[in-house]
Amino acid sequence: MALRFIGIDPETGQQGSPTIWVDEEKRELVLQGWKPDKALETECAAFEAPGHLPGIPAHEALVRIPARMVPMLREACDVAERTWL
């Protein structure tokens, strides 16, 4: 696996760390974040996107990333786009 580290939430200290990587081999963004509470999970699971059944498939998960990490997400997207061109 060719993971490229992008960044860690600077405000989490030693108590958990939302983190962003780019997997250059699999061509994926990899996110570590906080688990949603039941209310958020229920709300997301009820959302109906066109062409998709509501719910969260067993092989997928919700991950919460703080908005302060948007610059890191942009960087990850830029890295991924450059890598995959």
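The protein chain carries 9 positive and 14 negative side chains, and the centres of these two sets are 3 Å apart. These values, like the others below, come from a predicted model. The accessible surface of the protein chain amounts to about 6,400 Å², and carbon and sulfur atoms account for 54% of that area.

Beneath the surface description lies the fold. The protein chain contains three strands and two helices, and their order along the sequence is β-β-β-α-α. The strands thus precede the helices in the pattern. Measuring along the principal axes, the C-alpha trace extends over about 35 × 35 × 20 Å.

Burial and contacts describe how the chain is packed. The protein chain has 85 residues, of which 20% count as buried. Where contacts link residues at least 6 apart in sequence, 50% of them join residues at least 24 apart.

The cysteines can be taken next. A disulfide is a covalent bond between the sulfur atoms of two cysteines. A search of the whole structure finds zero disulfides. C44 takes part in none, and its nearest cysteine sulfur, that of C77, is 19 Å away. C77 is likewise in no disulfide, with the sulfur of C44 as its nearest cysteine sulfur at 19 Å. Because a disulfide is counted when two cysteine sulfur atoms lie within 2.5 Å, the separation of 19 Å leaves C44 without a disulfide. As for exposure, C44 has a relative accessible area of 33% and is partly exposed, while C77, at 41% relative accessibility, also counts as partly exposed.

Note on methods:
Residues are numbered from 1 along each chain as its sequence is written. This is a predicted model: local features need pLDDT of at least 70, side-chain atom pairs count only at pLDDT 80 or more; totals for chains, interfaces and linings use all residues. Side-chain values use heavy atoms; hydrogens and water are left out. Helices (H or I, at least four residues) and strands (E, at least two) are DSSP runs, numbered from the N terminus. Buried means under 20% relative accessible area, exposed over 50%, partly exposed in between (1.4 Å probe, protein chains only). Contact means heavy atoms within 4.5 Å. Accessible areas come from the Shrake-Rupley method with a 1.4 Å probe; for residues, only the protein chains shown count as cover. Lys and Arg count as positive and Asp and Glu as negative; His and the chain ends are not counted. The place of a charge is taken as NZ of Lys, CZ of Arg, CG of Asp or CD of Glu.
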